[in-house]
Amino acid sequence: ARAQELVRQGRVWLGGLPSTRPARPVRLGEAVELAPEPERPAPAPLPLRLVYQDSELAVVEKPAGMVVHPGAGHREGTLAQLIQEWGGSWAQGSGEGRAGIVHRLDRGSSGLLVLARTDLAQRELSQQLRRRTLGREYWALVEGRFEEGRGRIEAALGRDPRHPTRMAVTSSGREAITEFQVLERLPRHTVLRLRLLTGRTHQIRVHLAYIGHPLVGDGVYNPSPGPSSPRPALHAALLHLRHPADGREMEFLSRLPEDLLRLRSELGGAGAPAWPPGD
């Protein structure tokens with residue numbers, strides 16, 4: 001798809017002439033050239049925190065409320081669109097409108113995302129996701145109190161037959177595994193550290209609701225009015241990966257945003273959070 005796009009842009013030359021037909025055969029002895037990308041103006045400041053970048057990848061902190069890639073009802077202001085306007089080269093392997101995207105976060109969630117600058121990096125990082133070596137851990141504030149200190153939720157997820165825009169635990173769904181550890185017990189709520197072993201749509205939100213401890217502020221999977229929160233109390237706090245070019249282990253940590261710190265305090269949390277630590 002990326003190669004066809006370059007041909008349609010007139011950047012592929014055959015025998016010294018530009019070609020705009022992707023299906024045009026290449027003849028024996030014919031030179032194939034790729035014209036350099038036209039110069040772009042200096043990139044505008046990125047409206048989210050850039051944690052790390054090099055020639056292969058970038059790690060950013062997505063704010064709550066930002067959609068990762070275009071979809072129904074969300075064509076403008078997505079993270080994918082913003083990084084294209086930001087400038088530089090980004091992997092195109094995920095298709096139109098999803099340049100650089102390796103994995104996603106729900107609109108209401110905040111935290112760390114890794115983006116691929118090259119198609120090679122995107123393939124390698126996507127393989128790490130499939131092999132479950134790209135680690136993602138989350139801070140979550142949920143309804144109710146836990147007796148156990150840690151546990152594992154194994155429940156297959158699929159489309160909810162009664163609500164097609166939602167996900168649900170279903171016997172015909174795909175394998176989904178979430179591990180949890182209790183970080184803090186509040187009077188009527190619990191702070192959890194969550195580790196994803198699979199990456200299904202809405203996995204954390206559905207799994208927590210399934211065991212009777214939905215996320216505070218989750219207007220879709222939490223029917224209880226509960227504490228006032230404009231978004232689900234979920235933050236992607238830790239990201240662990242192997243660099244796609246040289247294989248070195250890399251780990252990134254994101255501190256809690258102010259709105260979640262304030263919500264934790266309102267519900268009885270005292271002092272600094274146990275995890276993730278501050279700067």
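Guide: Rings of Phe, Tyr and Trp (for Trp, its six-membered ring) count as a pair if their centres lie within 6.5 Å; planes under 30 degrees apart make it stacked, over 60 edge-to-face, and the rest tilted. We are looking at a predicted model, where local features need pLDDT of at least 70, side-chain atom pairs count only at pLDDT 80 or more, and totals for chains, interfaces and linings use all residues. Residues are numbered from 1 along each chain as its sequence is written, and side-chain values use heavy atoms, with hydrogens and water left out.

Visitor: How many aromatic pairs does the structure hold?

Guide: There are two aromatic pairs in the structure.

Visitor: Why is the pair of Tyr52 and Phe252 called tilted?

Guide: The ring centres are 5.6 Å apart, which is within the cut-off for a pair. The planes stand at 45°, an angle neither under 30 nor over 60, so the pair is tilted.

Visitor: What makes this a link between distant parts of the chain?

Guide: Tyr52 belongs to strand β4 (residues 49–53) and Phe252 to strand β14 (residues 249–253), 200 residues apart. Strands here are DSSP runs of E with at least two residues, helices are runs of H or I with at least four, and both are numbered from the N terminus.

Visitor: How do you know whether Phe252 is buried or exposed?

Guide: Buried means under 20% relative accessible area, exposed over 50%, and partly exposed in between (1.4 Å probe, protein chains only). Phe252 has 10% relative accessibility, so Phe252 is buried. Its partner Tyr52, at 22%, counts as partly exposed.

Visitor: And why is the pair of Phe146 and Phe180 called tilted?

Guide: Their ring centres lie 5.2 Å apart and their planes meet at 55°, so this pair is tilted as well. Phe146 sits in the loop between β7 (135–143) and β8 (150–154), and Phe180 in strand β11 (residues 177–185), so the contact ties together parts 34 residues apart in sequence. Phe146 has 4% relative accessibility and is therefore buried; Phe180, with 6%, is buried too.

Visitor: What makes you say that Arg193 lies over the face of Trp275?

Guide: A charge sits over a ring if NZ of Lys or CZ of Arg is within 6 Å of the ring centre and within 35 degrees of the ring normal. Arg193 lies over the face of Trp275 at 4.0 Å from the ring centre. In the same way, Arg117 lies over the face of Trp90, at 4.1 Å from the ring centre.

Visitor: Why does the contact of Arg132 and Glu175 count as a salt bridge?

Guide: A salt bridge needs a side-chain nitrogen of Lys or Arg within 4 Å of a carboxyl oxygen of Asp or Glu. Arg132 and Glu175 come to 2.7 Å, N to O, so they qualify. Arg132 lies in the loop between α3 (119–131) and β7, and Glu175 in the loop between β10 (163–169) and β11, so parts 43 residues apart in sequence are tied together. Glu175, at 42% relative accessibility, is partly exposed. The structure holds 17 salt bridges, including Glu124 with Arg131 at 3.4 Å, N to O.

Visitor: What other salt bridge could you show me, and where are Arg205 and Asp218?

Guide: The side chains of Arg205 and Asp218 meet at 2.9 Å, N to O. Arg205 is in helix α4 (residues 203–210) and Asp218 in the loop between α4 and β13 (234–242), 13 residues apart. Arg205 has a relative accessible area of 9% and Asp218 has 3%, so both are buried. Together with Arg104 and Asp106, these two residues form a network of salt bridges.

Visitor: What is notable about phi of Arg132?

Guide: Most residues other than glycine have a negative phi, and most peptide bonds are trans. Arg132 has a positive phi near 65° and is not a glycine. With a relative accessible area of 38%, Arg132 is partly exposed. His202 also has a positive phi, of about 60°. His202 lies in the loop between β12 (189–196) and α4, and its relative accessible area of 17% makes it buried.

Visitor: Which peptide bond is cis?

Guide: The bond joining Trp275 and Pro276 is cis, with omega about -5°. Pro276 lies in the segment after α5 (258–266).
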